[in-house]
Number of protein chains: 2
Amino acid sequence: MASSTRPPGRPRSSVDAEVFAATLRTIHELGYTRATVDRIAAATGIAKTTIYRRWPSKGALVTATLVDSFGPLPVRGEDRDADVAAAIWYGVRAVAEPGVAAAFAGVFTDAIGDSALREILATQLQDPYRKVLMETLGLSEQRVLFVIDVVIGTLLHRMGMTGEPMVEADVEDLIRMLQRELR
Amino acid sequence: MASSTRPPGRPRSSVDAEVFAATLRTIHELGYTRATVDRIAAATGIAKTTIYRRWPSKGALVTATLVDSFGPLPVRGEDRDADVAAAIWYGVRAVAEPGVAAAFAGVFTDAIGDSALREILATQLQDPYRKVLMETLGLSEQRVLFVIDVVIGTLLHRMGMTGEPMVEADVEDLIRMLQRELR
DNA sequence: GCGGTTTCGCTACGATTGGTATCGATACCG
DNA sequence: CGGTATCGATACCAATCGTAGCGAAACCGC
């Protein structure tokens with residue numbers, strides 16, 4: 001329909017998905033610090049300069065990778081307990097994806113003292129989930145931000161300390177705890 | 001008493017406390033990444049080489065700074081609800097200390113892919129609290145690790161996202177939530 | 001005081017890395 | 001086939017972590 005307005009010239013080779021995958025894979029294998037842009041570019045088969053043409057910094061690239069990796073929340077707004085459980089399980093799987101926790105921690109670290117990156121992080125990663133949760137769960141902003149802190153913070157801390165995703169029994173405790181909290 | 005066995009030679013100038021303070025201050029002002037060892041050394045008035053003589057890496061220095069900054073937990077083992085509240089408030093104040101959250105996130109990031117640093121982090125920072133909490137609260141290891149994940153993870157996520165400590169109302173919610181969880 | 005011992009400060013250096021500049025090659029559209 | 005915008009490659013700069021080497025300083029026992 002409106003997809004006919006394509007600008008002239010050589011198109012941006014559509015390898016974004018490949019770059020995201022290579023970013024996660026490289027971070028998973030080497031950690032955030034040693035996952036250099038050079039290596040990510042080489043793993044994708046494109047030039048480093050191409051990456052910097054599309055994303056303004058390494059942090060922005062990793063943030064975009066996280067946004068792409070997380071995707072939309074599977075909440076329906078009918079049964080709050082069910083939505084809480086579904087959202088937490090979704091978060092567990094997303095954070096357990098190889099490289100995601102390390103990427104999160106790394107971009108988190110870079111964001112402190114880099115206000116531009118911090119803006120990207122808050123706008124592109126947190127705001128969508130805040131809005132969706134406020135609407136479908138009918139909670140205040142303060143309440144939603146509290147829940148996001150608890151869920152994502154807990155999962156990241158576990159992944160960071162142990163390197164392993166949270167086991168099912170602990171996830172179920174986390175779900176029950178938050179269902180009680182939001183009742 | 002046994003402090004008489006001092007080795008000969010020039011003593012290690014006892015500026016550890018100053019180095020720790022300068023580390024936190026520099027990280028607070030510039031963030032973990034831009035808080036270079038050069039700057040920390042300059043802020044203390046000592047040479048960079050001296051820092052590397054005492055700590056094997058920047059991550060180890062920051063971890064030691066965090067251990068020094070946190071200190072022992074004020075739990076008494078008589079009233080569990082009171083201990084939970086006291087421990088959480090203690091964590092809130094420790095994480096709110098300027099530079100602590102940024103230092104934590106940074107050393108967390110470096111620890112992934114640096115097993116030596118990871119060992120230091122787990123042994124020197126987490127283990128003491130795990131043991132104290134298991135003994136005084138009479139909880140299983142799994143339960144204690146879960147609580148540590150929730151408390152520290154939540155506080156760090158809040159500090160990382162907003163740059164501000166958690167407000168009192170949210171802290172009280174966190175305390176009530178965990179008191180119910182541990183009942 | 002004085003020698004012995006250990007740490008300290010300083011300068012210089014190597015290796016990596018984030019990020020930029022430049023220019024020719026390339027792929028697409030009409 | 002020509003116009004246009006992106007891509008790839010190379011070279012480059014500024015920071016930064018971490019190390020080497022050496023002379024100076026500070027402390028102890030005598």
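A residue is called buried if 20 or more other C-beta atoms lie within 10 Å of its own, exposed if 12 or fewer, and partly exposed in between, with C-beta atoms placed from the backbone. In this predicted model, local features need pLDDT of at least 70 and side-chain atom pairs count only at pLDDT 80 or more, while totals for chains, interfaces and linings use all residues. Residues are numbered from 1 along each chain as its sequence is written, with chains lettered from A in the order in which they are written.

Helix H8 of chain B (residues 141–162; helices are DSSP runs of H or I, at least four residues, numbered from the N terminus) is a good place to start. Of the 22 residues of H8(B), 17 are buried, so this helix is largely enclosed by the rest of the structure. Just after H8(B) comes Gly163(B), with a positive phi of about 80 degrees.

In chain A, the axes of H5 (residues 80–96) and H8 (residues 141–162) come within 10 Å and cross at roughly 35 degrees (axes are lines fitted to C-alpha atoms over the stretch in contact, and angles run from 0 to 180 degrees between N-to-C directions). Ile88(A), Gly91(A), Val92(A) and Val95(A) of H5(A) meet Val151(A), Ile152(A), Leu155(A), Leu156(A) and Met159(A) of H8(A), contact requiring backbone-placed C-beta atoms within 7 Å.

Turning to the two copies, chain B can be laid on chain A with an RMSD of 0.1 Å by a turn of 180 degrees and a shift of 0.0 Å along the axis (least squares on C-alpha atoms of residues with pLDDT of at least 70 in both). The two copies are thus related as by a two-fold rotation axis. In chain B, the C-alpha nearest that axis belongs to Gly153(B), 2.0 Å away.

Notes:
Helices (H or I, at least four residues) and strands (E, at least two) are DSSP runs, numbered from the N terminus. Two residues are in contact if their C-beta atoms, placed from the backbone, lie within 7 Å.
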